[in-house]
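Student: Could you take me through one part of this model up close, the surroundings of the ligand, and then work outwards from there? I'd like one connected story.

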Amino acid sequence: MNDVAKLDAGEFRQWLYQHIDAERNAGSTPVVCGDCLACCRASYFIHVAANEKQALASIPKPLLFTAPGMAPGHYLMGYDQQGRCPMLKQQQCTIYSKRPLTCRQYDCRIFTATGINPKEVEKKEIAQQVQRWQFTYADAAAQALHQSVKRAASFLQDHGEQFPKQFMPGNSTQLAALAINVHELFVSESASNQVDSMIQQIIESMQQTSLTKKIKNTEAAGGR
Ligand code: SF4
């Protein structure tokens, strides 16, 4: 019997559209993290953009280094030997109200939604939290919507090696983000059958939405 306490992840369709909107418009989706600090202890590099003046002013300069491959003024903040963000002290984020957008946008429900397992060893705590989230569905269409997200994730996992290298994310976080972004291509149950055609459609969708550039930038910035 599974005795892990479940957490309410919200209604699936509402969550999905809110998440996509936040991601595309530099907003954030509220996440009821409770006392979970898994993503602050998961060896993520934290990107701090050039225009995040409050965050930049709150983080001691020695903790920031120039983000490789990005425009001048963009920084990364690293982590300690245990994978913890240096702004985490006594189980609390010491700059919570001024934390970078990277932190505001992070939502581990993308793993629950896609069924992608954050299998990197340093993300073990996140994987545990992902098991706890449970979505609800307003109707059958919301359940079908979730199936399209899962089909997209399965397709990317099964055929990732057939994509040109520059189009395929190198870590689980970005892979889940990609599956969510291309889920509309997988509305039909048979969408995955035409592999070559689907790979082409995904690449075109990524090019139209500048997703390739975003994924590469995010990976350069530590993958969060
Ligand atoms: S800045 Fe705050 S919210 Fe972001 S990773 Fe560090 S401790 Fe967590």
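Tutor: Sure, let's start with the chemistry of the shell around the ligand: its residues split into eight nonpolar, no polar and one charged. Keep in mind throughout that this is a predicted model. The names around the ligand are Cys40, Ile46, Cys85, Met87, Leu88, Cys93, Ile95, Arg99 and Cys103. Arg is in the charged class, so Arg99 is the charged member of that list.

Now follow the chain from there. Ile46 is a handy place to step off, as it is in the ligand's surroundings and strand β2 covers 46-48. What order do the strands take in the sheet that β2 belongs to? It's an open sheet of three strands, running β2-β4-β3, with antiparallel pairing. The edges are β2 and β3 (64-66), each of which pairs on one side only. Going from one strand to the next, the twist averages 35°. If you zoom in on β2 and β4 (residues 75-77), you'll find three bridges holding to the antiparallel sense. Within that pairing, His47 sits opposite Leu76 of β4.

Just before β2 comes a loop, and Ser43 is in it, between α1 (12-24) and β2. Ser43 has a phi near 60°, which is positive even though the residue isn't glycine. Is Ser43 buried, exposed or partly exposed? It has 19 C-beta neighbours inside 10 Å, and because buried starts at 20, Ser43 counts as partly exposed.

There's a second positive phi to look at. Gln91, again a residue other than glycine, has phi near 65°. Gln91 is in the loop that joins β5 (88-89) to β6 (92-93). Those two strands take you back to the ligand, since Leu88 and Cys93 are among the residues around it. Gln91 has 9 C-beta neighbours inside 10 Å, so it counts as exposed.

Val121 is another loop residue, placed between α4 (109-114) and α5 (124-132). With 9 other C-beta atoms within 10 Å, Val121 is exposed too. Its link back to the earlier part of the chain is spatial: Val121 and Ala42 are 79 residues apart in sequence, yet their C-alpha atoms are 8.9 Å apart.

On to the helices. Tyr17 belongs to α1, and its 11 C-beta neighbours inside 10 Å make it exposed. Compare that spacing along the chain with the distance in space: Tyr17 and Asp35 are 18 residues apart, and their C-alpha atoms are separated by 26 Å.

His146, in helix α6 (residues 140-159), is at the other end of the burial scale. Because 21 other C-beta atoms lie within 10 Å of it, His146 is buried. Which residues does His146 touch, leaving aside neighbours within four places in sequence? Those contacts are Phe12 and Phe135. Leu56 is a different matter: it is 90 residues from His146 along the chain, and the two C-alpha atoms are separated by 37 Å.

How much of helix α7 (residues 172-181) is buried? Nine of its ten residues are, so the helix is largely enclosed by the rest of the structure. The buried ones are Ser172, Thr173, Gln174, Leu175, Ala176, Ala177, Leu178, Ala179 and Asn181.

Finally, zoom out to the whole protein. There are nine helices and seven strands, and 33% of the 224 residues count as buried. As for how the chain folds back on itself, take the contacts between residues at least 6 apart in sequence: 74% of them join residues at least 24 apart. The C-alpha trace spans about 50 × 45 × 30 Å along its principal axes. For 224 residues, a compact globule would have a radius of gyration near 17 Å, and the protein's 18 Å agrees with that.

Definitions and conventions. Residues are numbered from 1 along each chain as its sequence is written. This is a predicted model: local features need pLDDT of at least 70, side-chain atom pairs count only at pLDDT 80 or more; totals for chains, interfaces and linings use all residues. Two strands pair if DSSP finds at least two bridges between them. Helices (H or I, at least four residues) and strands (E, at least two) are DSSP runs, numbered from the N terminus. Axes are lines fitted to C-alpha atoms, for helices over the stretch in contact, and angles run from 0 to 180 degrees between N-to-C directions. The radius of gyration is taken over C-alpha atoms; the globule rule is 2.2 Å times the number of residues to the power 0.38. A residue is buried if 20 or more other C-beta atoms lie within 10 Å of its own, exposed if 12 or fewer, and partly exposed in between; C-beta atoms are placed from the backbone. Two residues are in contact if their C-beta atoms, placed from the backbone, lie within 7 Å. A residue is near a molecule or strand if its C-beta atom, placed from the backbone, lies within 6 Å of it.
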